[in-house]
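Work through the exercises below with the sequence and the coordinates side by side, and try each task before reading its solution.

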Amino acid sequence: MRKRVVITGTGVICSLGDSPSDLHASLCNGMASCYQFDESASNGFRGNGSGKIGSFQAESYLKGKNLRPLDRTAQLVVSAAKLALDDSEWAPERLSANPAGLVLGTMFGSVHTIGKFDRHAVQQGPACASPMDFANTVINAAAGQTAIWHNLRGLNSTIASGSASGLAALRYATDLIRFGGQKAILAGGADEFCFESFCGFERAGMLHGSDEPGTFPVPFHSGRTGFVVGEAAGLLMLEERESALDRGARILAEVLGHGSKYDCSGGERAARSIACAMQEALQDGEISPEHVGCISASANGSVGTDRDEAVAITSVFNGKTPAVPVTAIKSMIGETLGAAGSLQTIDMVETLRGCTLPGIRGLAENDPLLPRLNCSVAARDIKRSPALINSIGLDGNACSLLIAGCSALS
Amino acid sequence: MNSWPKVVVTGIGMVTSIGTGRESFWNALLAGRCGFGPVKGFDTSRYNVHVGAEIHDFKPEDYVRHLCGETIGRSSQLAIAAARLALSDASLDLSGTDLEHAGVCAGTTSGEPQFIEHFDDHYVQGDLKKVGREFITRYPCHVVPCHVAMELGFAGETLMIPTACAAGNYAIAHASDLLRAGRASIMLAGGADSFSRITYTGFARLGAIAPEVCQPFDRQRKGMVPGEGAAFLVLERMEDAKARGARVYCEVAGYGLSCDAHHMTAAHPQGEGAAQAIRTALEQSGLGPEEVDYISAHGTGTSTNDRLETIAVKRSFGQYAYQVPISSIKSMLGHTMGAASAIEATVCALAITEGRIPPTVNWRERDPECDLDYVPNVARKRHVRVAMNNAYAFGGNNSSLVFRASTA
């Protein structure tokens, strides 16, 4: 018997605030992330809008224990976990009696910690390498640190699927509850901003091309040149529906279905692979395309993947009138890599609560070379129908997740 | 789980320091051959240890046919080789396979570490302009299963589970779930790690590397030996395997995963999480402890791991712990990190089909705290119907997989 999976709480640390409702309000108002780029440590590189969340202080969320063993990725995750546990009312006593799991999606873990550990040993000699940093060089370090901090003794896993990691983690956790007998799993994703990954994206020519003030990447726009890279952590408490109802939990939304495909051609069939992932999610959730109320697109301003996604959305939803409304929140929050899919999902939970879908900042007109999508600059009202969330990696992973708001549940 | 479709292993492939491919690897294991030698991958002159378990005779061009073998990292190369060997072992004709339902699920500790190591060398030399596109396109760990899928034309779910030294077990567990849930019809599940300066430095700094050999469960054991390798298993639903007349090694009967939530690098002092994983795996498999005929140990050769693993086995198996044979192939291969539990899973499959248990070599002196049957030094004949594969990792991740001889 397949179990039903519900969302009972969310926690987010991102450049648009540390509460899901603030994040959603900022997105609806078209506010831009203001990432801070450290010029002094940039080795001559320019940020072009990329950077850290300037205001993040782990101390304001995490009290009573030593923060030193946590690197920045772990601090982001442990803080977001705290917010999600509070929001879903999983107090320490409940966690002690009922082991909850944790599934974290991440692209890099902390490539800064890994690089720093290695460079220190290269420069100072291996005897000077830091054992504490070494413990954090494993890619599952943030998940381990979060489990220790919050006493999460259930299943603990880390999922890497590039910038689709966060959504991949939600899919993985959903199936563990549906089929694997798990009752409660905190799932989502995170990546920190660090010079190492930034430098990599910059050298590969993937970033937004202009550092003129006021310019920013606009998904699906004809002038798009790349993305800005930011950082965030987003976690959702997923629970088996019956056990959530038994404990009297507040139910925010339900996960109806999901799908994933890989484009093994390295490009030419990417749109088809994204479309297949979306169709798999719809079939899995037993929802036909005309009953989908809105789409949160993965588009981040990249030339190729934005095009492939637009083609895929059109092929799945073509002819369904009125055309399904599409948003792309990376126009405001940037590409947060492993966190991206979980941030989109958290925002869709908020969207379905208030029935207001954020717009796409700066998208006055769809790129004429792309199929025409139902996009808007301004936020708009939508029906409380199931929402589809896409997350597409930079190298061929395509994931989709289908959720329904609480009033649509029976 | 009993009403779910059964998932079976129909092919195995591995690249290791003692042998590549099923026959050569298995014969080396039964003969107790060791893969240890002086580290050649980087200069260890500033280290107080110099031993490693590298693979010296690997030629990527023998396996990498479609991707550009020189530009992808060594973990991807090893993974592609292991995946091709597994597919060929499974006699799987890809031309008749629905590739959109063929997926890859891999585990790793470090992914492709040499790319960040090169980055660091450029950084230290103040020459970051030398960092090219390959850093971002070849370094992140998820590229390993992506490269395998791309090389083979697999278009189903492609996922990396980087849960460090237990990652192979996590990957196999997830792949069997995907098959049971009908999300895939063929899965390649396994793990890969290439020899890494970062990993070596870390374990050297922790004083965890043995000066010469790895001798798990021995009283005089002095630590682990970092190694490298890759292994993949071909997993299918039983009905599909039967329909195509495939040879079946065994069934993936169940698994248990748990987290100590205790310490990043040290296991729980009473083996609590590890014992929980064993119990869950047995429960999910519908088996009692006495039905387990062989345990493939995590058995790294460090003082703490081997002692706590022994405690965890005693806690979950009771008196029967003294009767079940336990062995650690890390005594021969060293610790191949994220590949280790995948390689050890192929050993469980072979133990079931071949009726042999590989030994724990380099075992000389009994440790009063490690007083179980570790199959010392000599391989043993034994009818193995059920084999358990244990693996533990940084972050307090514990995993146990159960394989069972196929009955139908």
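Three exercises follow, each with a worked solution.

The model is predicted, so that local features need pLDDT of at least 70 and side-chain atom pairs count only at pLDDT 80 or more, while totals for chains, interfaces and linings use all residues. Residues are numbered from 1 along each chain as its sequence is written, and chains are lettered from A, with ligands numbered from 1, in the order in which they are written.

**Exercise 1.** Describe how domain 1 and domain 2 of chain B meet.

Solution. Begin with the bounds, which come from an automatic or database domain assignment: domain 1 of chain B covers 7-243 and domain 2 covers 250-404. Their centres, taken over C-alpha atoms, are separated by 20 Å. Next, count contacts, where two residues are in contact if their C-beta atoms, placed from the backbone, lie within 7 Å; 61 residues of domain 1 of chain B are in contact with 58 residues of domain 2 of chain B. Finally, assign the domain 1 side to elements, taking helices (H or I, at least four residues) and strands (E, at least two) as DSSP runs numbered from the N terminus. Helix 6 (167-180) is among the elements that each supply at least two residues of that side, and helix 6 of chain B gives the most, with eight residues.

**Exercise 2.** Place B:Ala342 in its surroundings: is B:Ala342 buried or exposed?

Solution. B:Ala342 lies in helix 12 (residues 340-354) of chain B. A residue is buried if 20 or more other C-beta atoms lie within 10 Å of its own, exposed if 12 or fewer, and partly exposed in between, with C-beta atoms placed from the backbone. B:Ala342 is buried, because 34 other C-beta atoms lie within 10 Å. Leaving aside residues up to four places away in sequence, B:Ala342 touches several residues, including B:Gly168, B:Ala171 and B:Ile172. B:Phe232 is also one of those touched, and its C-alpha atom is 6.7 Å from that of B:Ala342, although the two residues are 110 residues apart along the chain.

**Exercise 3.** Check the length of helix 10 of chain A, and say what its buried residues pack against.

Solution. The expected span of a helix is 1.5 Å times one less than its number of residues. For the 15 residues of helix 10 of chain A this gives 21 Å, and the end C-alpha atoms are 21 Å apart, which agrees. Helix 10 of chain A is mostly covered, as twelve of its 15 residues are buried. Its buried residues pack against strand 8, helix 11 (303-317), strand 13 (387-392) and strand 14 (397-405) of chain A. Just after helix 10 of chain A, A:Glu286 takes a positive phi of about 55°.
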